[in-house]
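The following exercises ask the reader to work through one protein model step by step. Each task is followed by a worked solution.

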Amino acid sequence: MRFILISILLLPSIAMAEQYICSYPNYTNGAPVTLRIKINGTTATIDGKFPMEYKVLENNQYGVVLAYSFSSEGTESPKQNDVGLFGLAIDKVKMKMVRGNITHGDMANSLRSGSCTK
């Protein structure tokens, strides 16, 4: 009986999760990158070759804004630390997305645009 009650209470939170599949050209050769994005409350999990958990900064009927930030000692050189963020925004009306990097020491900080399905 306790299991049934807990299951009923958890069901709305499972149903509230949003999922998107988005694609954009990669940074090196333009080959398609596919992201499976699962948004659940204040976090978004992105599956793929390098799974990550993003923070949900905004989520309403117009769009979703996600960010992943990092600040750590440099892996290639202790003189150049890894500091920055990855951002991803989805326009829910047009089902378009944009992804960008802001990292210390990288002046390119490229943007990539793509599209999504629900």
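**Exercise 1. Determine how many disulfides the structure holds, which residues form them, and which parts of the chain are tied together.**

Solution. The model examined here is a predicted one.

Step 1. The structure holds one disulfide. This bond joins Cys22 to Cys116, with an S to S distance of 2.0 Å, and a pair of cysteine sulfur atoms counts as a disulfide if the atoms lie within 2.5 Å.

Step 2. The torsion about the S-S bond of Cys22 and Cys116 is about 105°, so the disulfide is right-handed.

Step 3. Cys22 belongs to strand 1 (residues 18-25) and Cys116 to strand 8 (residues 111-117), so the bond ties together parts that are 94 residues apart in sequence.

**Exercise 2. Classify Cys22, Cys116 and Val98 as buried, partly exposed or exposed.**

Solution.

Step 1. The cut-offs are needed: buried means under 20% relative accessible area, exposed means over 50%, and partly exposed lies in between.

Step 2. Cys22 has a relative accessibility of 1% and therefore counts as buried. Cys116 has a relative accessible area of 7%, so Cys116 is buried.

Step 3. Val98, placed in strand 7 (residues 96-103), has a relative accessible area of 30% and is therefore partly exposed.

Step 4. Sequence and space may also be set side by side: Val98 and Cys22 are 76 residues apart in sequence, and their C-alpha atoms are 9.7 Å apart in space.

**Exercise 3. Describe how the side chains are arranged along strand 1, and identify the partners of this strand.**

Solution.

Step 1. In a regular strand, side chains alternate between the two faces of the sheet. Strand 1 shows such an alternation. Glu18, Tyr20, Cys22 and Tyr24 point to one face and are buried. Gln19, Ile21, Ser23 and Pro25 point to the other face and are not buried.

Step 2. Strand 1 pairs with strand 2 in the antiparallel sense over eight bridges. Within this pairing, Tyr20 has Ile37 of strand 2 as its bridge partner. The two strands form a hairpin with six residues between them, and Gly30 in the turn has a positive phi of about 85°.

Step 3. Strand 1 is also joined to strand 8 by three bridges, and these strands run antiparallel. Here the bridge partner of Ile21 is Thr117 in strand 8.

**Exercise 4. Follow the chain from strand 3 to strand 5, and then state what the eight strands build.**

Solution.

Step 1. Strand 3 and strand 4 pair in the antiparallel sense over four bridges; Thr45 has Glu53 in strand 4 as its bridge partner. They form a hairpin with four residues between them, and Gly48 in the turn has a positive phi of about 145°.

Step 2. Strand 4 is joined to strand 5 (residues 63-72) by four bridges, again running antiparallel. The bridge partner of Glu58 in strand 5 is Val65. Three residues lie between the two strands of this hairpin.

Step 3. The eight strands close into a barrel in the order 1-2-3-4-5-6-7-8, with antiparallel pairing. Neighbouring strands of this sheet are turned by 30° against each other on average, direction ignored.

**Exercise 5. Explain what is notable about the phi of Met95.**

Solution.

Step 1. Most residues other than glycine have a negative phi.

Step 2. Met95 is a residue other than glycine, yet its phi is positive, near 55°. Met95 lies in the loop between strand 6 and strand 7.

**Exercise 6. Describe the largest pocket: what is its volume, and which residues and strands line it?**

Solution.

Step 1. The largest pocket has a volume of about 390 Å³.

Step 2. Its lining consists of 16 residues, of which Tyr24, Val33, Leu35, Phe50 and Arg99 lie nearest the centre. Two or more lining residues come from each of strand 2 (32-40), strand 3 (43-47), strand 4 (52-59) and strand 6 (82-91). Strand 2 gives the largest share, three residues.

Step 3. By type, the lining of the largest pocket divides into ten nonpolar, three polar and three charged residues.

Methods: Residues numbered from 1 in each chain as written. Predicted model: local features only at pLDDT ≥ 70, side-chain atom pairs only at ≥ 80, totals over all residues. Heavy atoms only, no water. 1 Å grid on protein atoms, 1.4 Å probe; cavity = no way out; pocket = protein on both sides within 12 Å on 5 of 7 lines; lining within 4 Å. Points joined across faces, edges and corners; volume = space filled by probe spheres on them. Nonpolar A, V, L, I, M, F, W, Y, C, P; charged D, E, K, R; others polar. Pairing = 2+ DSSP bridges. Axes fitted to C-alpha atoms, helices over the stretch in contact; angles between N-to-C directions. Buried < 20%, exposed > 50% of the residue type's maximum accessible area, 1.4 Å probe, protein only.
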